[in-house]
Amino acid sequence: MSQSSTRADFVVFDRVQKSYDGETLVVKDLNLSIGKGEFLTMLGPSGSGKTTCLMMLAGFETATHGDILLDGKPINNISPHKRGIGMVFQNYALFPHMTIAENLSFPLEVRKMGRSEREERVQRALDLVQMGEFGGRRPAQLSGGQQQRVALTRALVFEPDLVLMDEPLGALDKQLRETMQFEIKRIADDLGITVVYVTHDQTEALTMSDRVAVFEDGRIQQLAPPDELYEAPKNSFVAQFIGENNTLEGVVQEINGDVALVKLDDDSLIDAKPVNVSAAGERTTVSIRPERVEINPDLGADAHTLKADVLEFIYMGDVFRTRLRVAGNDNFIVKTRNRADQARLEPGTQVDIGWLPQDCRALDA
Amino acid sequence: MADQTAQAGPVLAADGTPLKRSLARALRLSKLRALALIAPLLIFVLVTFIAPIADMLFRSVENQIVSETLPRTTAALADWDTSSGTAPDEPVFRALAEDFQIAVANKDHTKLGSRLNYEKTGISSLFRKTGRKAKKFDLAADTNWKAEFEDIDEDWLDPEMWQVIKTYSPALTSGYFLNSIDRQKTSEGSEWRPDNQQIYLKLFWRTLVMSIVITCTCILLGYPVAWLLANLPARSANLLMILVLLPFWTSLLVRTSAWKVMLQQQGVVNDTLVWYHSTFVGKMLDPVITFLLNIAIGLLNGLLWVWNLLSGAWGAVDVELFTYAVAGFERLALINNVTGTIIAMTHILLPFMILPLYSVMATISPVYLRAAKSMGATNWTAFWRVYFPQSIPGIGAGSILVFILAIGYYITPEIVGGTKGVFISNRIAYHISSSLNWGLAAALGAILLAAVLLLYWAYDRIVGIDNVKLGG
Ligand SMILES: Nc1ncnc2c1ncn2[C@@H]1O[C@H](COP(=O)(O)OP(=O)(O)OP(=O)(O)O)[C@@H](O)[C@H]1O
Ligand SMILES: [Mg+2]
């Protein structure tokens with residue numbers, strides 16, 4: 001691993017396609033480079049091909065077209081057990097007929113490691129995840145969170161450079177999920193391993209990853225660090241999928257450098273940042289995050305504002321969540337922080353709303 | 001909490017009765033209702049299942065016929081010393097005359113004759129002969145009955161004959177059971193039967209060994225099929241499943257008889273082999289195969305020799321050494337021997353191995369194999385360490401089914417087994433329907449039942465019956 005360890009393309013998908021039935025492509029033209037030590041998350045709705053990509057990387061499915069390179073070497077023809085990739089499965093796949101300790105020592109045994117070293121490593125690994133006393137139990141005798149930790153440990157105990165995780169936290173409750181997210185991230189950072197992580201929970205993706213690949217329909221829609229993904233979504237799918245998002249439909253009136261004037265379907269005008277639009281006359285979907293909307297804004301004389309009817313006010317503790325009707329959209333959400341001076345909007349009243357042009361992105365229709 | 005209740009006595013319900021009692025009362029009605037619901041089935045099971053078994057177990061020791069037919073004689077025999085070497089005295093013969101006259105009137109003497117004939121041949125005809133004369137006995141007259149009986153047949157003075165009657169005069173006897181393990185009851189206890197009459201232990205042993213062999217071949221052949229069933233795409237798996245179930249739609253007799261056609265001397269298999277030996281390929285390969293076969297048979301014979309040495313230690317049966325060291329290829333003896341029984345029974349019992357195996361394998365997620373491989377296990381290691389252990393419950397269930405079915409199987413060995421490939425159940429059938437020695441048949445059956453229960457118990461101790469899965 002010496003010279004290659006600095007590579008930015010530790011794992012490479014090069015124009016990979018995959019079809020199961022010869023009729024539809026489940027993965028369409030996937031290009032992706034993952035750096036050594038990177039934590040990359042594949043995020044996407046159900047059926048978008050995330051697991052398929054992971055399985056191709058692990059060697060349980062073969063790519064229909066294209067190459068997958070690991071550490072610079074094509075692995076299409078290397079059988080799974082020689083790839084040295086650790087894997088955490090969606091439902092853990094702990095062997096039910098073995099104890100926890102036997103489960104953990106299995107990968108070491110097949111590597112012909114001596115007995116004493118094996119036992120020592122297993123114990124060390126168990127201690128690392130605070131499961132020292134559970135070595136003699138069967139998987140069925142552990143709670144979901146404990147099983148999860150064992151599955152994680154088992155994928156790491158033989159010190160692979162690359163670990164794949166397929167929705168490892170899917171079956172856990174919210175609290176445990178958050179603890180485990182932190183734990184996984186910490187262990188991955190400590191050991192410096194490369195992680196490819198699959199989830200369809202966007203919070204998980206945002207909090208854990210170095211970069212997130214948003215999948216839809218067998219393609220990567222956007223590949224970017226979490227903050228960029230959230231603040232600068234490249235298209236309306238990503239904008240919708242990541243975080244909460246308000247959309248308004250309209251037609252571009254004119255584009256002036258960094259600002260586009262958009263005429264909404266009820267003829268009101270707003271300013272937006274052109275992202276996926278290039279010329280006047282194009283239809284567009286503008287997207288604004290709920291927390292970037294200002295109520296009764298003071299944005300300068302030439303800024304455009306909209307009239308909004310207050311429909312519902314929800315007190316959520318740290319934030320107020322207000323549902324408005326804006327330009328015919330009944331589901332326009334505004335989030336305001338719960339500050340002492342923050343007004344609570346009464347349903348039935350009318351307010352002005354506005355935003356900075358750069359917070360409002362004009363995307364594809 | 002526990003202390004408080006202990007001090008306050010039993011917990012009371014709202015109306016003051018102890019909680020336990022009111023709970024029991026509340027449950028009684030629903031229990032009765034549940035019982036009424038299953039009553040028809042319960043009665044059916046009792047009548048058709050438990051009762052016949054109980055009756056069979058009773059028959060295996062029941063022996064009232066002697067004391068009922070010859071009540072006075074057996075009473076008079078009480079003081080006769082069996083080891084005296086002479087026939088009993090006059091009072092016994094007088095009692096015998098009285099008994100005989102009544103027995104002949106009721107036509108019971110022939111039944112008793114056949115019963116005692118199981119223990120000593122010749123008694124049946126002796127009784128019939130005596131019966132004919134007994135009609136004319138004049139009990140009022142002062143006759144010397146001993147001389148009278150001697151007149152009818154000299155066998156009446158044979159002490160051995162009287163020993164048999166005395167030995168079997170109690171209402172319950174262990175004679176049938178002793179018989180079924182090749183021993184015979186004597187006045188002093190029991191002894192081994194002469195060598196040429198010992199058959200049952202040998203048969204039990206053969207039944208056991210062959211059932212084990214059949215179970216093993218079923219595992220060997222059934223495991224891959226079950227694996228395919230569980231792992232093929234649904235369409236092909238369904239087709240395969242139909243093939244597995246197809247035999248169930250054909251009569252057992254037809255299937256077994258088909259094997260006769262296949263395996264006999266002039267049968268399909270042998271004809272094909274003969275044709276093959278005459279082809280060019282056959283002529284080329286035969287010497288090689290002959291050589292390999294001879295080596296294999298040599299090794300096998302070595303093993304069998306050791307086996308005989310070991311089992312000879314406790315008086316068990318010799319397993320035949322393979323005699324056909326292959327000099328040239330002849331028509332193989334595939335039927336009317338052990339081979340035939342094993343082939344046909346394996347075929348017939350195979351579905352009973354495949355189905356439970358399949359139902360267990362279908363629940364083993366392929367993810368486990370993937371997980372094993374991702375950790376660096378080769379295909380074989382992944383199978384052996386991860387898949388196979390999880391399929392053991394299926395092997396257990398299939399083995400129990402096949403073994404228990406095999407050990408009591410009757411029709412197939414009867415048709416293809418000849419004399420050397422029959423099971424104990426064929427002997428039981430013989431005693432039930434031909435020799436009419438139901439007591440012996442019952443004793444053999446009871447031993448078989450006990451053996452199965454014992455094996456089941458041993459299996460539970462070793463493998464654990466919880467480890468057996470018959471379904472998902
Ligand atoms: N073995 C298979 N044979 C045929 N089609 C398959 C197979 N596995 C997956 N597919 C199809 O491929 C598509 C992508 O599946 P994949 O499992 O990769 O989705 P995913 O993104 O992991 O979804 P999820 O978030 O629900 O796990 C789906 O439409 C699915 O039906
Ligand atoms: Mg998936």
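Guide: A salt bridge is a side-chain nitrogen of Lys or Arg within 4 Å of a carboxyl oxygen of Asp or Glu. By that rule, a search of the whole structure, which is a predicted model, finds 36 salt bridges over all chains.

Visitor: What makes the pair of A:Arg211 and A:Glu38 a salt bridge?

Guide: The closest N and O atoms of A:Arg211 and A:Glu38 are 2.4 Å apart, and the rule asks for a nitrogen of Lys or Arg within 4 Å of a carboxyl oxygen of Asp or Glu, so the pair counts as a salt bridge. A:Arg211 lies in strand β9 of chain A and A:Glu38 in the loop between β2 and β3 of chain A, so the pair ties together parts that are 173 residues apart in sequence.

Visitor: How do you know that a salt bridge joins B:Arg370 with A:Glu61?

Guide: Here the closest N and O atoms are 3.5 Å apart, which again lies within the 4 Å that the rule allows, and therefore B:Arg370 and A:Glu61 form a salt bridge. Across the interface of chain B and chain A, the rule finds two salt bridges.

Visitor: What else is known about the contact, and how many residues does it take from chain B and from chain A?

Guide: It takes 16 residues from chain B and 21 residues from chain A. The area buried between the two chains is about 1,700 Å², and carbon and sulfur atoms give 68% of it. In chain B, the residues that lose the most area to chain A are B:Arg370, B:Met375 and B:Arg385, which together account for 41% of what that side buries.

Visitor: Why is helix α20 of chain B called roughly antiparallel to helix α21 of chain B?

Guide: The axes of α20(B), residues 424-433, and α21(B), residues 438-462, come within 8 Å and cross at roughly 155 degrees. Angles over 145 degrees count as roughly antiparallel, so this name applies to α20(B) and α21(B). The contact includes B:Ile424 and B:Ile428 of α20(B), together with B:Trp438 and B:Leu444 of α21(B), and its residues divide into eight nonpolar, two polar and no charged. The crossing of these two helices is left-handed.

Visitor: What makes α11(B) oblique to α16(B)?

Guide: The axes of helix α11 (residues 200-231) and helix α16 (residues 338-361), both of chain B, come within 6 Å and cross at roughly 45 degrees. An angle under 35 degrees would count as roughly parallel and one from 65 to 115 as roughly perpendicular, so roughly 45 degrees makes α11(B) oblique to α16(B). This contact has 22 nonpolar, five polar and no charged residues, and the crossing is right-handed.

Visitor: Which charged residue belongs to the contact of α2(B) with α21(B), and how do you know that it counts as charged?

Guide: The contact has seven nonpolar, two polar and one charged residues. B:Arg59 of α2(B) takes part in the contact, and Arg counts as charged, so B:Arg59 is the charged residue. The axes of α2(B) and α21(B) come within 7 Å and cross at roughly 115 degrees, in a left-handed crossing.

Methods: Residues numbered from 1 in each chain as written. Chains lettered and ligands numbered in written order. Predicted model: local features only at pLDDT ≥ 70, side-chain atom pairs only at ≥ 80, totals over all residues. Heavy atoms only, no water. Axes fitted to C-alpha atoms, helices over the stretch in contact; angles between N-to-C directions. Helix = DSSP H or I, 4+ residues; strand = E, 2+ residues; numbered from the N terminus. Left-handed = near helix turned anticlockwise from the far one by under 90°. Contact = heavy atoms within 4.5 Å. Buried area = accessible area lost by both parts, 1.4 Å probe.
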